[in-house]
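Welcome, and please load the model in your viewer. We will make a few stops together, selecting residues one at a time.

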Amino acid sequence: GTVGAKPAALAIANAAAVPAVVSPNADGFDDTGLVTFRLTAPATVTATLVDAAGNTVATVATGQRPAGEQRFSVAVDGVADGLYTVVLRARGATSEVIARVPVAVNRTLGYVEAFQRVFSPNGDGRLDTLGLGFLLLKPAQVRVRVLRQRKWVANAFKGPLSDGGQTITWDGKKP
């Protein structure tokens, strides 16, 4: 501590889940989530996963944490698909604060891949389209968006698809 200085008030700031939708289907993509936040003072932190009905499903992290940036993994393998909240409870020497972070669990989409890394939709008959493959574990309304530097460029596909292996071909145009 510091002599003569007032200790920082305990707070949880910038709490977020990355990604916001976790897909624990063993395809190596978004199988676990990461919760990040910042503590303004040292505290004992407990993080629980709570379902939509308010029931605690699991304790995902607990322990003493220093002030500063924090992160921990959230494994949801044994959790049913649905909407959840990670409840962060921080207990300091004289106070307790709570933050809530929404997380969705959805195993519908798996094994996404682009069939080639480069394509040139210039009409010369070579590499004019991009093939995208993925697996749907149940029928779904699907939207495949093309992003460049995290900004929307085009919709490659939008519509209902049945379960099973899927292939979408994009011609490089902005529908």
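In which strand is Ala58 found? Select Ala58 in this predicted model and you will land in strand 5, which covers residues 56–65.

**Stop one: Ala58**

Show the surface around Ala58 and look at how much of this residue is open. Ala58 counts as partly exposed because its relative accessibility is 27%, and the partly exposed class lies between the 20% and 50% limits. Now display its partners: leaving aside neighbours within four places in sequence, Ala58 is in contact with Ala47, Thr48 and Leu49. For a sense of scale, draw a C-alpha to C-alpha distance from Ala58 to Glu113. The viewer should give you 32 Å, for two residues that are 55 apart in sequence.

**Stop two: Val18 and Pro19**

Next, pick Pro19, in the loop between strand 1 (12–18) and strand 2 (21–22). Is the peptide bond from Val18 to Pro19 cis or trans? That bond is cis, and its omega is near -10°. As background, most peptide bonds are trans, and most residues other than glycine have a negative phi. Keep the second half of that in mind for the next stop.

**Stop three: two positive phi values**

Move along to Ala26, in the loop between strand 2 and strand 3 (32–39). Check its backbone torsions: phi of Ala26 is near 65°, a positive value in a residue that is not glycine. Ala26 counts as exposed because its relative accessibility is 62%.

Then jump to Arg150, which sits in the loop between strand 11 (140–148) and strand 12 (151–161). Phi of Arg150 is also positive, near 65°. Why does Arg150 count as exposed? Its relative accessibility is 82%, and exposed means over 50%.

**Stop four: Asp27**

Finally, go back to the loop between strand 2 and strand 3 and select Asp27. Is Asp27 buried or exposed? Asp27 is buried, yet this residue has no salt bridge. Which side chain of opposite charge is nearest to Asp27? That is Arg107, 10 Å away, whereas a salt bridge needs the nitrogen within 4 Å of a carboxyl oxygen.

What does the side chain of Asp27 reach? Draw a distance to the backbone nitrogen of Phe29 and you will find 2.9 Å. To complete the view, show Leu109, Gly110 and Tyr111 as sticks: Asp27 touches these three, not counting residues up to four places away in sequence.

Methods: Residues are numbered from 1 along each chain as its sequence is written. This is a predicted model: local features need pLDDT of at least 70, side-chain atom pairs count only at pLDDT 80 or more; totals for chains, interfaces and linings use all residues. Side-chain values use heavy atoms; hydrogens and water are left out. Helices (H or I, at least four residues) and strands (E, at least two) are DSSP runs, numbered from the N terminus. Buried means under 20% relative accessible area, exposed over 50%, partly exposed in between (1.4 Å probe, protein chains only). Contact means heavy atoms within 4.5 Å. Lys and Arg count as positive and Asp and Glu as negative; His and the chain ends are not counted. A polar contact is a pair of N or O atoms within 3.5 Å; within protein, one must be able to donate a hydrogen and the other to accept it, and residues adjacent in sequence count only if both atoms are side-chain atoms.
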